[in-house]
Amino acid sequence: MTVDVSTARHPFLDGKPKRMLIDGKWLEAASGKTFETINPSTGEVLARVAEGDSEDIDRAVEAARRAFNGPWSKVKPFERQNLLLKLADLVDKHFEELASLDTLDMGAPISRTKGSRLRAVGMLRYYAGQATAIHGETIENSLPGDYVSYTLKEPVGVVGAIIPWNGPLTATIWKIGPALATGCTVVLKPAEEAPLTPLRLAELCLEAGVPPGVVNVVTGYGETAGAALSSHMDVDKVAFTGSHITGQKIIQASAGNLKRVSLELGGKSPDVVFADADLDAAVPGASMAVFANSGQICSAGTRLFVERRIYEEFTSRVADFSKTLRVGNSSNPDTQIGPLVSPEQLERVTGYLAIGRQEGARPLSGGARLTDGDMANGYFVPPTVFADVRDDMRIAQEEIFGPVISAIPFDDIEEVIARANATTFGLGSGLWTRDVTKAHKLAKGIRAGSVWINCYQAMDPAVPFGGYKMSGYGRESGKQHVEEYLNVKAVWIKTG
Ligand code: ADP
């Protein structure tokens, strides 16, 4: 097996415990505690990492507040733009290293992480553009007398950013980018499963010249460091990506100072295949809409609705396709499907495989953990297709976050719109058809933040992404994202 990246060769993995970044300094946790981060392909320990908790969050928030009240607020849009462009160049320069760190720490195949260069660098360049595009409005008013009224857009202040493990590099950029563009400061809490890339990116922030306290990274657990950040009385906004259960806790924790909250949560997204679709494109498209990143994508199209007259043919083609995907060590350049991120995630996903069978779903492929050869110590689950799934089954209702398709037959368009919407979530959705009328009807009818037609998971820094219903609120990417980091102030001048 050709291994493209190895723990031994990765320059960031030097055997030393990883410290966190507070006020421009690399510090141990105040408690002195550390935790291990593990390569999910092999089960081996990659590094020990500082285990921050509420004391460290306090230190980081103080630093972020000082920076926000201090020189950072005087930094002009051009300079913030330059910082973002420098950071983009550094991410581009060190991209291979960042990509392989994501691969080692969370298990996404190296072919996938290396493929995200355009997106990662492009996001930073997009936010750089936004830094000089912030503006208020002059608004005509109807008051008697002479008044001028206009709005100022101002940074919200100290942002607590809490991210998941399923794409650490882009998740970090998605939080730091708009903060730097708008003049906010950030305390970022990476996921405990994958803290390494955010720490390496924080090094690059310093190298780019981001001033002390503007970007802080506190590593640690959700229940301690994450909870302290979301309930902190001096944090102005929390930007959270993760599960809806944690999202609900974040909202409750935000009540103390009524901080602003934006949430990008889970999904159980429908992907609808009509009989008139280009099936040669729909088979791999609908498959990878779920199997990419081992199903660990919040907008994965896991409820696969297939028009009844092609149901048997299409589901068996998807199952055949799933059997061609190469599962293995994510550092191998040939691997298409890596491991799940952790033993907990493995237990969760294999639990759902058992539930699917008990509920009467018919497995067409996959269905059990893989432990052959060098997969023995990793957390591997092969792509799995369940046929004969009914809407009321748990595998059709609950987010599995693994490579599992629940394939469900349907008969007509009105029916499938209603059934696609019969979920508490509303993040992604897809449809495959050659009929523009059907495509438009579904695009309007589905209650979800994104609709992909004859494709799935297309993303761009300029196009907003986010949820309806229990998939959260607020948008990331696009102009709306930048607005999430800005306050609007109305100014009145009596001129008469
Ligand atoms: P998952 O179950 O996929 O790990 P979570 O929503 O639990 O998703 O985790 C996403 C992020 O939220 C992680 O950084 C995690 O540490 C953090 N987190 C978990 N619990 C809490 C909490 N109670 N308060 C704040 N953050 C939390």
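This passage describes the strand pairing, the β-α-β units and the ligand surroundings of a predicted model.

Strand β8, residues 185–189, is considered first. Five of the five residues of β8 are buried, so the strand is largely enclosed by the rest of the structure. The burial extends to both faces of β8, with T185, V187 and K189 covered on one side and V186 and L188 covered on the other. Strand β7, which spans residues 158–162, pairs with β8 in the parallel sense over five bridges, and within the two strands A161 stands opposite L188. Between β7 and β8 the chain passes through helix α6, residues 168–182, in a β-α-β crossover that is right-handed. Strand β9, residues 215–217, also pairs with β8 in the parallel sense, here over three bridges, and V187 of β8 is found opposite N216 of β9. A right-handed β-α-β unit is likewise formed by β8, helix α7 (residues 196–208) and β9.

A parallel pairing is also present between strand β10, residues 237–241, and strand β11, where five bridges are found. In this pair, K237 stands opposite R260 of β11. Together with helix α9, which comprises residues 244–254, the strands β10 and β11 make a right-handed β-α-β unit. Strand β11 covers residues 260–264, and because four of these five residues are buried, β11 is largely enclosed by the rest of the structure.

The surroundings of the ligand draw on several of these elements. Of the 19 residues around the ligand, those that come nearest are I163, K189, E192, S243 and T246; K189 is also one of the buried residues of β8. Among the polar contacts, a polar side-chain atom of E192 lies 2.5 Å from an oxygen atom of the ligand. A polar backbone atom of I163 is placed 2.8 Å from an oxygen atom of the ligand, and a distance of 2.8 Å likewise separates an oxygen atom of the ligand from an N or O atom in the side chain of S243. The ligand taken alone exposes 550 Å², of which the protein buries 83%. Two or more residues are given to the shell around the ligand by each of the elements α8 (222–231), β10 and α9, and the largest share, four residues, comes from α8. When the shell is divided by class, eight nonpolar, seven polar and four charged residues are obtained.

A further part of the model is an open sheet of seven strands, in which the order is β14-β15-β16-β13-β12-β17-β18 and the pairing is mixed. The edge strands of this sheet are β14 (362–365) and β18 (452–453), each of which pairs on one side only. Within the sheet, strand β12 (residues 270–273) and strand β17 (residues 430–432) run parallel and are joined by three bridges, with V273 standing opposite W432 of β17.

Key
Residues numbered from 1 in each chain as written. Predicted model: local features only at pLDDT ≥ 70, side-chain atom pairs only at ≥ 80, totals over all residues. Heavy atoms only, no water. Buried < 20%, exposed > 50% of the residue type's maximum accessible area, 1.4 Å probe, protein only. Pairing = 2+ DSSP bridges. Right-handed = clockwise from strand over helix to strand, strands pointing away. Near = heavy atom within 4 Å. Polar contact = N/O pair within 3.5 Å; in protein donor to acceptor, adjacent residues only side chain to side chain. Areas by Shrake-Rupley, 256 points an atom, 1.4 Å probe, with all protein chains shown as cover. Nonpolar A, V, L, I, M, F, W, Y, C, P; charged D, E, K, R; others polar.
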